[in-house]
Amino acid sequence: MKKTHLLALVVIAIAIGIVMATAGDASVYVSFKEAKELAADGDLRKVHVVGRLPHDAQGNPASLQYNPTLDPNYFSFTLVDTNRIAQQVVYFNPKPQDFEKSEQIVITGNMRNDVFVADKILLKCPSKYVENEVKGATAAR
């Protein structure tokens, strides 16, 4: 075998190894129902769930539990997924800044004993600009 053929085989083997390593870490977007089914089957893969915070009659986020003086690394809240299923979520890190203001929340983790344990929380913040303000600013010329 020529050295170029051997080098090409090594490059291909490395590429396959990289693809296999990254594919094993990939997680999928699911609902809370699907996350529960995966956990019931013993599948402990990390999954993404997209949802919103439920609000009370005054418009405040409901069911947030965070007491930094008692335990700064315990944050619990209820999230409603895209299928309108409410689920308690526990996050063993400090509460993210401006959590209450977010429009949409993406959590990564898995179900454990009827509670979703989140490893990561990604927040979609509200739009910086209001539609009317943008129209007013552009039409003023």
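**Close-up views of the predicted model**

**View 1. The two sides of helix α2.** Lys33 and Ala40 are exposed, on the other side of α2 from a set of residues worth a careful look in this predicted model. That set consists of Phe32, Ala35 and Leu38, which are buried in α2. They share one side of the helix because they cover an arc of only 120° around its axis. Which strands do the buried residues of α2 pack against? Their partners are β2, β4, β5, β6 and β7. If you follow the chain on from here, Gly42, just after α2, has a positive phi of about 85°.

**View 2. The largest nonpolar core.** Here the view moves to a core of 19 residues, the largest nonpolar one. Which members touch the most other members? They are Phe77, Leu79, Val89, Ile107 and Phe116. Helix α2 (32–40) supplies at least two residues of this core, and so does each of the strands β2 (47–52), β4 (75–81), β5 (86–91), β6 (104–112) and β7 (115–124).

**View 3. The surroundings of Val89.** Zooming in on one core member, we can list the neighbours of Val89 beyond four places away in sequence. Val89 touches four phenylalanine or leucine residues with numbers in the seventies or above, among other partners, so let us simply name them: Phe32, Phe75, Ser76, Phe77, Leu79, Ile107, Phe116 and Ala118. Phe77, Leu79, Ile107 and Phe116, named here among the contacts of Val89, are also listed with Val89 as residues that touch the most other core members. Phe32, another contact of Val89, is one of the buried residues of α2 seen in View 1.

**View 4. Arg84 and its positive phi.** Most residues other than glycine have a negative phi. Arg84 is not a glycine, yet has a positive phi of about 65°. Where does Arg84 lie? Look for Arg84 in the loop between β4 and β5. Arg84 counts as exposed because its relative accessibility is 75%.

**View 5. Asp114 and its positive phi.** A loop between β6 and β7 holds Asp114. Phi of Asp114 is positive, near 65°, in a residue other than glycine. Is Asp114 buried or exposed? With 65% relative accessibility, Asp114 counts as exposed.

**View 6. A nonpolar patch on the surface.** Which residues form this patch? Leu6, Val10, Ile14 and Ile18 do, and their accessible area together is about 370 Å². For orientation, Ile18 is placed in helix α1, which covers residues 3–25.

**View 7. The salt bridge of Lys46 and Asp119.** The closest N and O atoms of Lys46 and Asp119 are 2.6 Å apart in this salt bridge. The pair links distant parts of the chain, with Lys46 in the loop between α2 and β2, Asp119 in strand β7, and the two positions 73 residues apart. Lys46 is partly exposed, its relative accessible area being 33%. Asp119 is partly exposed too, with a relative accessible area of 33%.

**View 8. Arg45 with Asp43, and Lys101 with Asp98.** The structure holds four salt bridges, and two of them are shown here. In one, the side chains of Arg45 and Asp43 meet at 2.9 Å, N to O. Arg45 counts as partly exposed because its relative accessibility is 43%, and Asp43 is partly exposed at a relative accessible area of 25%. Another salt bridge joins Lys101 to Asp98, where the closest N and O atoms are 3.8 Å apart. Lys101 is exposed, at a relative accessible area of 55%, whereas Asp98 counts as partly exposed at 36% relative accessibility.

**View 9. The whole chain, for context.** Stepping back from the close-ups, how many helices and strands does the secondary structure comprise? The chain has three helices and seven strands, which follow one another along the sequence in the pattern α-β-α-β-β-β-β-β-β-α. Of its 141 residues, 26% count as buried. Among contacts with a separation of 6 or more, 48% come from residues 24 or more positions apart. The chain exposes about 10,000 Å², of which carbon and sulfur atoms supply 57%.

How values were computed: Residues are numbered from 1 along each chain as its sequence is written. This is a predicted model: local features need pLDDT of at least 70, side-chain atom pairs count only at pLDDT 80 or more; totals for chains, interfaces and linings use all residues. Side-chain values use heavy atoms; hydrogens and water are left out. A nonpolar core is a set of buried Ala, Val, Leu, Ile, Met, Phe, Trp, Tyr and Cys residues joined through side-chain atoms within 4.5 Å. Buried means under 20% relative accessible area, exposed over 50%, partly exposed in between (1.4 Å probe, protein chains only). Helices (H or I, at least four residues) and strands (E, at least two) are DSSP runs, numbered from the N terminus. Contact means heavy atoms within 4.5 Å. The arc is that of the directions from the helix axis to the C-beta atoms. Patches are made of residues with over 30% relative accessible area and no salt bridge: like charges are joined within 9 Å, nonpolar side chains (Val, Leu, Ile, Met, Phe, Trp, Tyr) within 5 Å. Accessible areas come from the Shrake-Rupley method with a 1.4 Å probe; for residues, only the protein chains shown count as cover.
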